[in-house]
Each structure stands twice: as C-alpha cells, then as structure tokens.
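Reader: Got a minute to walk through this one with me? Let's start with the sheet.

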Amino acid sequence: MTVEAHTESLALARRGRPRFGDLALRVLSGGAVLLVVAAIGLLVEEVVSNAWPSMSKFGPGFLTSTVWNAVTDQFGARYLIEGTLVTSLFALAIAVPTAIAIGLFLSELAPRRLRAPIGLMVELLAAIPSVVLGLWGIIVLGPLLATDVEPWLHRNLGFIPLFSGYPSASGLLSACLVLTIMIVPIVASISRDLFESVPGELKQGALALGATRWEMVRGVAIPQVSAGLVAAVMLGFARAVGEAIAVAQVIGSANRAPSSLFGQGGAMAAWIATQFAGTATSLQRSSLYFLAVILLVISLATNLGAQLIVRRIGRRMGTRA
Amino acid sequence: MTRMKRAAAAAVAAGALAVAAGCGSSGSTTTVTAPGSSSSDSKVLVGAGSTLVAPLLAQWEADYLKSPAAVTITYGAVGSGGGIDAITAKSVDFGASDAPLSPDQATACKSCVQIPWALAATVATYNVKGVPNNLKLTGPVVADIFLGKVTAWNDPAITALNPGVSLPSTHITPIYRSDGSGDSYVFSSYLSAVSPTWKSQVGASTQPTFPTGTGEEHNSGVAAAVQATDGSIGYVGISYIAADSLNEAVLKNAAGQYPQPTTGAIAAAASAVTTIAPDGSISLVNPPASAAKAYPMSTYTYAIVPTASSKASTLKAFLTYAISSTGQAFGLPLGFPPLPAAVVTHDTAEIAKIGS
C-alpha cells in the first residue's frame with residue numbers, strides 16, 4: 001500500500017467520529033500553556049508575598065539605601081543593584097563585539113572545513129555548568145588577575161578610577177570576565193545563525209557591485225539582522241543579570257560600592273544564593289525576596305525593551321522581525 | 001473493532017502516563033531517606049546542618065548502627081544555616097548549628113530546643129610568605145585587621161607581638177565567610193567581646209557585614225582562598241586546620257597567654273564558663289582570666305530539635321547517646337573535647353522536654 005493510500009484510508013476511517021487526536025492535542029498543549037501561566041503566577045505571588053514585610057518596611061528607600069546589615073536589621077539594595085549592572089554591562093561590553101566577530105567569522109570568513117568544529121566548540125562553551133566556570137574563576141582566573149593582569153592595568157590605566165585599588169583574586173573584574181565567558185557563546189551562536197540567514201543573493205549582489213567583504217558585512221549583513229542582534233544582546237544581558245552561582249564564587253561577596261573593578265562587591269542573584277540559607281533575621285530573608293522582585297522587574301523590563309527595539313528596527317527595515 | 005483498538009491504545013497510553021507518574025513519585029520517595037525529608041521509620045533519624053560537627057556525626061552514625069539501638073542516622077552536612085532552615089521546615093528530625101538560634105530563628109522554629117552536644121573552636125588562619133606557623137595575635141589587632149585599620153603584615157601592632165619574627169610589608173587580605181556561618185558567629189562574637197570598635201561598627205552575627213576583605217563560601221572556600229592568597233588572614237572551623245595543613249594564629253586570652261587551640265585549651269574554656277543563657281546557648285568566647293590555659297575562640301555546637309517530634313523516643317535515645325561518655329569519647333581524636341558534667345546535666349533535662 002502506498003503512503004497516500006494509507007493516509008486516505010485512515011482519513012476515511014476517522015470520518016464522522018469525534019477527532020480524538022485533535023482533542024488530545026488541544027488539551028495537552030492548552031494544559032501546558034496553563035501550567036506555565038500558573039507557574040509564573042504562583043511564583044510571582046510567592047516572591048512578592050515573602051518580600052512584603054521588607055517592601056512595606058523599607059519602601060522605595062530600599063533601592064537607594066546602601067546598608068545591608070543583619071546585626072542592625074537594616075537592608076538596602078543600592079550597592080547590589082549597582083554591582084549587578086556594573087558586572088553585567090562590563091561583561092556585555094567585552095562579550096558583544098567578540099561574539100559578533102565570532103559569528104561573522106563562522107558564517108562568512110572561516111574555511112568550510114573549520115565551521116562545524118569551531119561552531120561546535122562555541123556551543124560546548126555554553127554547555128559548561130556555571131559552577132564549573134566559577135571554580136575555574138577561583139583556581140585559574142583569580143590568581144592570574146591578582147598577580148599579573150590587575151597590577152598591569154593599575155600601572156597603565158590606574159588614572160581611571162575603575163582600575164584603581166589593590167589587586168585581588170576575587171572581585172568585580174573576576175565576575176565580569178566569568179560572565180563574559182558565559183555570554184559569548186550565546187550571542188555568538190545566535191549571530192552566526194542570523195548572518196547565515198541573510199539571503200545569499202543580497203551578499204552576492206553587494207560583492208558584485210564591487211563592495212569589499214567588510215563593506216558587505218557593514219552595509220548589508222549587519223543592517224539585515226540588527227533586530228536579531230539586539231535580541232541576542234538582550235538575551236546575554238538577562239543571562240548575566242540572573243547568574244548566581246558562578247558570580248557568587250568569584251565576586252568576593254561584599255556590600256560595597258562598585259567603585260573599582262579590583263574590589264569586592266555583590267550582585268543581586270549571587271547575594272540571594274549566598275545569604276539565603278540560615279538568614280539571621282526574618283526581615284533579612286524578606287529583603288532577599290525583595291531583591292528577587294527587583295530581578296524579576298529587571299528581566300521583565302529587559303524583555304519588553306528588547307521587543308520594543310526589535311519592533312522599531314523591524315518597522316524601519318520594512319520587514320517583520 | 002477499530003474503536004476497541006483505539007480504546008485499548010488510549011488505555012495503554014493512560015497506563016504509560018500512570019507509570020511515568022509513578023516513577024516520578026517513587027523518585028521523590030527515595031529522596032525522603034536523603035537529608036531534607038523526615039522518614040516515618042523510627043529506625044531512621046535524618047539530620048542536617050553544621051559541617052564542623054560532621055566528622056563526629058560520621059563516627060556516631062557508624063557506632064550507633066552497630067549498637068543495640070540499631071538506628072540509622074543520615075546526616076547532611078549542608079552548613080549550620082541550612083540545618084536551621086531544615087529543622088524550621090521540620091523536613092529533618094534534627095538540625096545542627098555552630099551558632100545558637102537568633103531570636104527570629106527561634107520564633108520561626110516553633111518550640112525548638114538547642115542542645116549543646118559538642119565542643120569545638122574557630123581558628124584564625126593566615127598565609128604570609130616566609131612567616132612561620134603560630135604567629136601571635138590579639139583580639140583587638142585581629143579586629144583592626146578586619147576593620148581595615150591594620151593593612152600591612154609589618155604593622156607595628158603585629159611586629160610588637162612577635163619579636164624575632166621578620167614580617168614582610170605584604171598587604172593584608174582579610175577573608176571571611178559569605179554564607180551564614182557558625183564560625184562567623186564565633187569570630188564576630190569574640191571580636192565584639194574584646195574590641196568596642198568592632199562591637200559598635202560590626203557586631204556579632206552569623207552574617208556580619210565586614211567592612212573590608214573578601215567573602216568566600218563555606219569553610220572550604222575560606223581555606224582555599226587563604227592558601228591561594230599571599231598575605232591573607234581568615235578563620236575556619238578547627239578541623240580544617242589539620243585537614244588543609246593551614247597555619248594557625250595563636251590568640252592572646254584574658255590571662256595574657258597564647259594557648260594553641262588544643263582539646264585541653266577548649267576544655268579549659270568550657271570548664272571556666274558555667275552560665276547557660278535562658279535560650280540554652282552558652283557563650284565560650286573570651287573566657288575569664290581565671291582560666292589561664294583557655295583558648296579564647298572556643299564554642300559549643302548545638303543540636304536543634306523540636307519538642308514535639310513524631311520520633312521522640314528514637315530522637316531522645318540518640319541525643320542521650322551523643323552526650324554520653326561513649327558518644328563523647330569519639331570526639332577527642334577529632335578535636336572535640338568531652339562536654340563538662342554540668343552541661344551534660346543541663347542537656348539531659350533539655351532532652352527530657354522532647355515529646356510526641
């Protein structure tokens with residue numbers, strides 16, 4: 001029996017009866033959606049209700065207060081918010097150009113034989129558990145920073161406040177670099193796929209018109225995929241903001257102003273991870289939930305911001321992103 | 001016919017789902033015996049908490065299973081903070097913490113009692129190239145180091161205590177525990193007792209806010225960071241000194257002596273302090289000068305148990321065993337000196353409060 005004949009007979013057999021398969025599909029997929037919506041709803045409810053004692057006690061002042069002290073029961077998130085933003089943005093600043101360059105290399109420049117193995121390695125980098133990266137940060141990266149990199153930066157760029165201070169193995173710079181390593185594979189593999197999605201005719205056309213390869217990339221490829229690149233960068237940012245374990249391992253856990261990259265600091269997700277077990281006061285625990293609320297708001301804002309930008313670029317490009 | 005086949009297929013699919021669900025639930029029943037959940041079997045006791053007391057519990061586990069009681073003790077060394085959370089949630093039969101419960105924790109852990117069941121110490125450790133073991137320090141100097149007032153190893157405050165030791169100008173890197181820790185509690189309580197500045201600026205807590213230095217997770221993280229950093233100073237539970245062959249600083253006690261943190265020096269501190277606080281905690285830091293040989297950063301470590309337990313009799317029997325001379329005898333080779341008689345009497349009364 002041919003395949004067509006078989007499907008036809010199946011269709012005949014089904015005619016006139018309730019379509020069990022369709023019903024099951026609807027129930028299953030609808031149920032899955034409900035599950036996600038319920039999970040998010042319950043999560044937000046749980047986090048906010050646990051954060052409530054801290055929210056009602058400290059109010060918006062929580063965002064600007066720099067004190068985090070379990071002895072006096074005073075809590076504020078300013079340094080932790082700053083630490084989160086400094087480490088994430090610094091990591092993005094290094095990771096994004098690197099990752100886009102890798103994406104371009106893999107899609108446009110690399111010899112065909114090398115593309116698959118290098119691409120695989122980039123993706124493997126994304127598969128390394130963050131705790132392993134954190135350990136690498138402690139054992140390899142930290143000592144290297146403390147003995148070589150930071151003293152060099154201090155000698156040559158010490159006039160910039162970010163590179164002043166005493167070199168140390170654990171600190172914001174360590175956290176920035178570990179986060180960079182985490183973001184690069186995400187942004188790199190997305191941008192490679194994006195560049196590969198640019199129609200060959202466009203690239204060929206640009207080259208045929210006498211554009212150099214660089215002009216083709218700058219004038220055709222990058223504008224074509226800019227919306228996607230923005231989304232990739234936002235994804236990387238969200239990853240950096242939300243990373244807890246690896247950052248906790250290398251940042252040096254201190255509630256201090258992130259005025260120098262060599263110094264110790266704190267980031268919200270890592271702070272929750274280190275402080276949550278056995279909090280000394282109930283207000284401290286509630287304040288950790290407050291940090292989680294702030295993280296939720298930041299990731300929501302990042303997502304919405306990304307969608308807005310993507311839509312705007314899409315409109316400008318005349319295509320739907 | 002096809003209808004029946006379809007019904008059969010649906011039944012098989014439903015069966016498969018049920019099996020899958022069954023796997024899920026059997027998966028979670030296996031975790032019941034792991035630390036984190038109480039088991040209803042009264043031949044099993046589940047505990048979680050302090051890493052400091054874990055080596056002693058390992059000995060008790062092995063011995064108590066062979067004893068006539070034949071009860072299996074399953075202990076998860078998740079840290080004092082994790083132990084307090086676990087017993088507060090009543091997901092274990094007992095918790096273990098090197099710090100007594102804070103008032104908020106005691107309220108949350110409804111009608112829990114804390115039973116001091118072993119003696120130990122927190123030890124200051126350091127790593128400075130060329131500087132030998134047993135550097136002499138005083139509490140106020142350690143406080144000034146962790147306050148960021150003494151920043152070089154050749155500071156007069158340190159050299160004056162160590163004539164004959166050549167100290168380099170290396171920058172001091174203080175290293176502390178970033179997670180909630182009994183060792184941080186002992187360390188900061190000791191510094192609060194000997195340094196008014198520390199008391200007013202930092203205070204005593206399982207998670208004090210250190211004004212300078214680097215935070216690392218768990219004893220293992222502090223030990224590793226001290227070993228990796230030239231010029232570092234930190235504090236760890238006593239068993240980590242030998243395990244990681246770390247230097248130990250000797251601290252000046254109230255009598256002006258510099259005793260090493262031996263079991264004898266810890267026992268001397270314990271026998272000099274007889275005050276038991278209403279919450280059942282006993283503070284051993286900075287014992288009076290009458291105890292000339294006392295180590296000044298000694299501590300009790302506590303079992304935290306609910307007064308209403310579904311396994312009351314098993315729990316009571318195990319705790320009685322732990323504080324008995326049989327149980328305490330396992331401690332000595334591991335660095336835990338036996339409990340003083342007065343504390344054993346107090347504990348016995350506390351254990352009697354446990355009911356079902």
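Reader: How do strands S3 and S10 of chain B pair, parallel or antiparallel?
Author: Antiparallel, over three bridges. S3(B) covers residues 94–97 and S10(B) covers residues 298–306. Strands here are DSSP E runs of at least two residues, helices are H or I runs of at least four, and both are numbered from the N terminus. Two strands pair if DSSP finds at least two bridges between them.

Reader: What is the bridge partner of B:Ser97?
Author: B:Tyr302, in S10(B).

Reader: Is this a predicted model, and what are the ground rules?
Author: The model is predicted: local features need pLDDT of at least 70, side-chain atom pairs count only at pLDDT 80 or more, and totals for chains, interfaces and linings use all residues. Residues are numbered from 1 along each chain as its sequence is written, while chains are lettered from A and ligands numbered from 1 in the order in which they are written.

Reader: Back to the sheet. What is the strand order in chain B?
Author: S2-S1-S3-S10-S4-S8-S6-S7, eight strands in an open sheet with mixed pairing. S2 (72–76) and S7 (214–216) of chain B are the edge strands, each pairing on one side only. On average, neighbouring strands are turned by 25° against each other, direction ignored.

Reader: Which strands does helix H9 of chain B touch?
Author: H9(B), residues 218–228, packs on the sheet and touches S4 (112–127), S6 (173–177), S7 and S8 (232–237) of chain B. Its direction makes about 150° with that of S8(B). Contact needs C-beta atoms, placed from the backbone, within 7 Å. Axes are lines fitted to C-alpha atoms, for helices over the stretch in contact, and angles run from 0 to 180 degrees between N-to-C directions.

Reader: And which strands does H11 of chain B touch?
Author: S4 and S10 of chain B. H11(B) spans residues 263–272, and its direction makes about 135° with that of S4(B).

Reader: How many residues of S6(B) are buried?
Author: Five of its five. Buried means 20 or more other C-beta atoms within 10 Å of a residue's own, exposed means 12 or fewer, and partly exposed is in between, with C-beta atoms placed from the backbone. B:Thr173, B:Ile175 and B:Arg177 point one way from S6(B), B:Pro174 and B:Tyr176 the other way.

Reader: What stands opposite B:Pro174 and what opposite B:Tyr176?
Author: B:Pro174 faces B:Ile233 in S8(B). B:Tyr176 faces B:Gly215 in S7(B). S6(B) runs parallel to S8(B), with two bridges, and parallel to S7(B), with three.

Reader: New topic. How many residues of chain B are in contact with chain A?
Author: 30, in contact with 26 residues of chain A. H1 (2–33), H3 (80–88), H4 (103–108), S7 and H9 of chain B each supply at least two residues of that side. H3(B) gives the most, with five residues. By class, the side of chain B that touches chain A has seven nonpolar, 18 polar and five charged residues. Ala, Val, Leu, Ile, Met, Phe, Trp, Tyr, Cys and Pro count as nonpolar, Asp, Glu, Lys and Arg as charged, and the others, Gly among them, as polar.

Reader: Last one, over in chain A. Where does A:Asn50 lie?
Author: In helix H2 of chain A, residues 20–58. A:Asn50 counts as partly exposed because 18 other C-beta atoms lie within 10 Å. Not counting residues up to four places away in sequence, A:Asn50 touches A:Ser286 and A:Tyr289.

Conventions. Two residues are in contact if their C-beta atoms, placed from the backbone, lie within 7 Å.
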